[in-house]
Each structure stands twice: as C-alpha cells, then as structure tokens.
Amino acid sequence: MPLSILIADDHFPVRYGLEILTREVLGNNIQIDFANDFLGVINKIKEKKYDVLISDIIMPGMDCMAMMEQALEILPKLKIL
C-alpha cells in the first residue's frame, strides 16, 4: 500500500514544489493530496487516512495548534511536518 501524504499550503507554487520534492525523495509509489487551508486539512483527514501531513503553519481557517490537535484526535498516528 503506497504512503499517503497530505500537503497543506495556501500557495500553489509551494504545494507544487513540495509535491516534486516529495516524489523525488520517496519515489512515485506514494499518494499525494492537497489542502489550501486548515479547514481543508481537517475535512481531508476526516475523509481519508493519511500517513504524513506536510503543512504550512500560517494559513487561513484556524490556529495551527488547534488544527494539529484536531488532526491528531482524528488520526492519532499521523506524522506532521
């Protein structure tokens, strides 16, 4: 089963660059999804189990710490960068 990664940033060039870098390091046998705000992160992890969240710490939607607390309540084994 491929590694499932959620990349969250409110700037498209950053999301795109992180996708390229992640695929370069981990290969193409990974599943990458995107969110552009903290509410999007919470909605995505409610819908799907992710192994890793790569997130900006300043985005619209809510406080970063609140987002991480909610994310870990939903997916306790989620790794967050």
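Q: Let's start with one residue in strand pairing: which residue in E2 does Ile 7 stand opposite?
A: Strands of a sheet pair through backbone hydrogen bonds, either parallel or antiparallel. In this model, which is predicted, Ile 7 stands opposite Phe 34 in E2. Elsewhere along that pairing, Ala 8 faces Ala 35 of E2, and Leu 3 has Ile 30 as its bridge partner.

Q: How many bridges hold E1 and E2 together, and in which sense do they pair?
A: Strand E1 covers residues 3-8, and its pairing with E2 is parallel, with six bridges. To get from E1 to E2 the chain passes through helix H1, residues 12-26. That β-α-β crossover is right-handed.

Q: What about the pairing of E1 with E3?
A: Those two strands also run parallel, joined by four bridges. Ile 7 turns up here again: in E3 its bridge partner is Ile 54.

Q: In what order do the strands of the sheet come?
A: Read across the open sheet of four strands and you get E2-E1-E3-E4, with parallel pairing. E2 and E4 (79-80) are at the edges with a single partner strand each, so each has one side without a neighbour in the sheet.

Q: Which strands does H1 touch as it packs on the sheet?
A: H1 touches E1, E2 and E3 (52-55), and its direction makes about 165° with that of E2. Helix H2 lies across E1, E2 and E3 as well, running at about 160° to E1.

Q: Is E1 mostly covered or mostly open?
A: To read this, look at the relative accessible area of each residue: under 20% counts as buried. For E1, five of its six residues are buried, so the strand is mostly covered by that cut-off.

Q: Let's try a residue in E2. Is Ala 35 buried or exposed?
A: Ala 35 belongs to strand E2, residues 30-35. With a relative accessible area of 5%, Ala 35 is buried.

Q: Which residues is Ala 35 in contact with, leaving aside its neighbours within four places in sequence?
A: The list is Leu 6, Ile 7, Ala 8, Asp 9, Arg 15, Gly 40 and Val 41. Take Arg 15 from that list: it sits 20 residues from Ala 35 along the chain, yet their C-alpha atoms are 8.8 Å apart.

Q: And at the other edge, is Ile 80 buried, partly exposed or exposed?
A: Ile 80 is part of strand E4. Its relative accessible area of 26% makes Ile 80 partly exposed. Not counting residues up to four places away in sequence, Ile 80 touches Leu 53, Met 68 and Leu 72. The C-alpha atoms of Ile 80 and Ile 54 are separated by 6.0 Å, although their positions lie 26 residues apart in the chain numbering.

Q: Last feature: at what angle do the axes of H2 and H3 cross?
A: When reading a helix pair, an angle under 35 degrees counts as roughly parallel. Here H2 (residues 38-47) and H3 (residues 64-74) have axes that come within 10 Å and cross at roughly 0°. The two helices are therefore roughly parallel to each other.

Q: Which residues make that contact?
A: H2 contributes Phe 38, Val 41, Ile 42, Ile 45 and Lys 46, while H3 brings Cys 64, Met 67, Gln 70, Ala 71 and Ile 74. Sorted by character, the residues of this contact are eight nonpolar, one polar and one charged.

Terms used:
Residues are numbered from 1 along each chain as its sequence is written. This is a predicted model: local features need pLDDT of at least 70, side-chain atom pairs count only at pLDDT 80 or more; totals for chains, interfaces and linings use all residues. Side-chain values use heavy atoms; hydrogens and water are left out. Axes are lines fitted to C-alpha atoms, for helices over the stretch in contact, and angles run from 0 to 180 degrees between N-to-C directions. Angles under 35 degrees count as roughly parallel, over 145 as roughly antiparallel, 65 to 115 as roughly perpendicular and the rest as oblique. Contact means heavy atoms within 4.5 Å. Ala, Val, Leu, Ile, Met, Phe, Trp, Tyr, Cys and Pro count as nonpolar, Asp, Glu, Lys and Arg as charged, and the others, Gly among them, as polar. Buried means under 20% relative accessible area, exposed over 50%, partly exposed in between (1.4 Å probe, protein chains only). Two strands pair if DSSP finds at least two bridges between them. A crossover is right-handed if, with the strands pointing away from the viewer, the path from the first strand over the helix to the second runs clockwise.
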